[in-house]
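User: I have a model open on my screen and would like to understand the words people use for it. Could you take me through the reasoning behind them?

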Amino acid sequence: GGDPSLANTIRCGLADAFVRAGDHAAAIGHFDRIVSADSTALKDTALFHLGRLHSEAGDRQEAQSAFARLSDEFPDSMYAQVAKEQMAEMQPSPQP
């Protein structure tokens with residue numbers, strides 16, 4: 001049981017601590033749990049951070065997937081515009 005919003009808040013804090021400690025795999029695990037939780041609390045935040053972490057790791061496909069999901073599911077999120085900009089930056093340059 002328990003409050004799913006509170007659980008997501010705790011997971012987000014843990015994930016942030018892992019990011020600061022340089023353990024991106026653990027952070028991704030916590031952000032993934034937020035995204036897969038029933039509660040929508042902090043889901044947009046988790047998707048944004050997943051996109052950034054995957055982008056930094058060079059996993060463009062996972063980054064784009066997280067950013068696309070963020071902009072589709074949470075168009076009013078404070079992260080939505082940044083996610084769209086990140087996706088645009090990841091698009092391959094047109095070949096002449």
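Analyst: Gladly! This is a predicted model, and a good place to begin is helix 1, whose buried residues are covered by, among others, helix 2 and helix 3.

User: Which residues of helix 1 are the buried ones?

Analyst: They are Asn8, Arg11, Cys12 and Ala15. To be called buried, a residue must have under 20% relative accessible area.

User: What puts those residues on the same side of helix 1?

Analyst: The arc around the axis tells you. The buried residues Asn8, Arg11, Cys12 and Ala15 cover an arc of only 105°, and therefore they sit on the same side of helix 1. The face turned away from that buried side carries Arg20 and Ala21, which are exposed. As background, an α-helix has 3.6 residues a turn, so residues three or four places apart point the same way.

User: How do you know that the length of helix 1 agrees with its number of residues?

Analyst: Helix 1 has 18 residues, and at 1.5 Å a residue they should span 26 Å. The C-alpha atoms at its ends are 25 Å apart, so the two values agree.

User: Ser5 is also in helix 1. Why is Ser5 called partly exposed?

Analyst: Its relative accessibility is 31%. Partly exposed covers the range between under 20%, which is buried, and over 50%, which is exposed, so at 31% Ser5 counts as partly exposed. Outside its neighbours within four places in sequence, Ser5 contacts Ser39 and Ala41. Ser5 and Lys43 are 38 residues apart in sequence, with their C-alpha atoms 9.9 Å apart in space.

User: What is there to notice about Leu42?

Analyst: Leu42 has a positive phi of about 65° although it is not a glycine. You will find Leu42 in the loop between helix 2 and helix 3. Its relative accessible area is 27%, so Leu42 is partly exposed.

User: How is the packing of helix 2 and helix 3 described?

Analyst: Two packed helices are described by the angle between their axes and the distance between the axes. For helix 2 and helix 3, the axes come within 9 Å and cross at roughly 145°, and the crossing is left-handed. The residues that meet there include Ala27, Phe31 and Val35 in helix 2, and Ala46, Leu50 and Leu53 in helix 3.

User: Thr45 is found in helix 3. Why does Thr45 count as buried?

Analyst: Its relative accessibility is 11%. The cut-off for buried is under 20%, so Thr45 at 11% counts as buried. Not counting residues up to four places away in sequence, Thr45 touches Cys12 and Tyr79.

User: What makes Phe31 stand out in the largest nonpolar core?

Analyst: That core has 21 residues, and Phe31 is among those that touch the most other members, along with Leu50, Phe67 and Leu70. Helix 1, helix 2, helix 3, helix 4 and helix 5 each supply at least two residues of this core. Leaving aside neighbours within four places in sequence, the contacts of Phe31 include Cys12, Ala15, Val19, Leu50 and Leu53.

User: Which residues of helix 4 are buried, and why are they said to be on the same side?

Analyst: Ala63, Ala66, Phe67, Leu70 and Ser71 are the buried ones. They cover an arc of only 125° around the axis, so they lie on the same side of helix 4. Gln61 and Asp72 are exposed and sit on the face turned away from the buried side. Helix 3 and helix 5 are among the elements that cover the buried residues.

User: How do you know that the span of helix 4 agrees with expectation?

Analyst: At 1.5 Å a residue, the 14 residues of helix 4 should span 20 Å, and the end C-alpha atoms are 20 Å apart, so the two agree.

User: And how do helix 4 and helix 5 pack?

Analyst: Their axes are 9 Å apart, at an angle of about 145°, and this crossing is left-handed. Among the residues that meet are Phe67 and Leu70 in helix 4, and Ala83 and Met87 in helix 5.

User: Gln81 lies in helix 5. Why is Gln81 called partly exposed?

Analyst: Exposed requires over 50%; Gln81 has a relative accessible area of 48%, so Gln81 is partly exposed. Its C-alpha atom is 9.8 Å from that of Phe67, a residue 14 places away in sequence.

Terms used. Residues numbered from 1 in each chain as written. Predicted model: local features only at pLDDT ≥ 70, side-chain atom pairs only at ≥ 80, totals over all residues. Heavy atoms only, no water. Core = buried A, V, L, I, M, F, W, Y, C linked by side-chain atoms within 4.5 Å. Buried < 20%, exposed > 50% of the residue type's maximum accessible area, 1.4 Å probe, protein only. Helix = DSSP H or I, 4+ residues; strand = E, 2+ residues; numbered from the N terminus. Contact = heavy atoms within 4.5 Å. Expected span 1.5 Å × (residues − 1). Arc of directions from axis to C-beta. Axes fitted to C-alpha atoms, helices over the stretch in contact; angles between N-to-C directions. Left-handed = near helix turned anticlockwise from the far one by under 90°.
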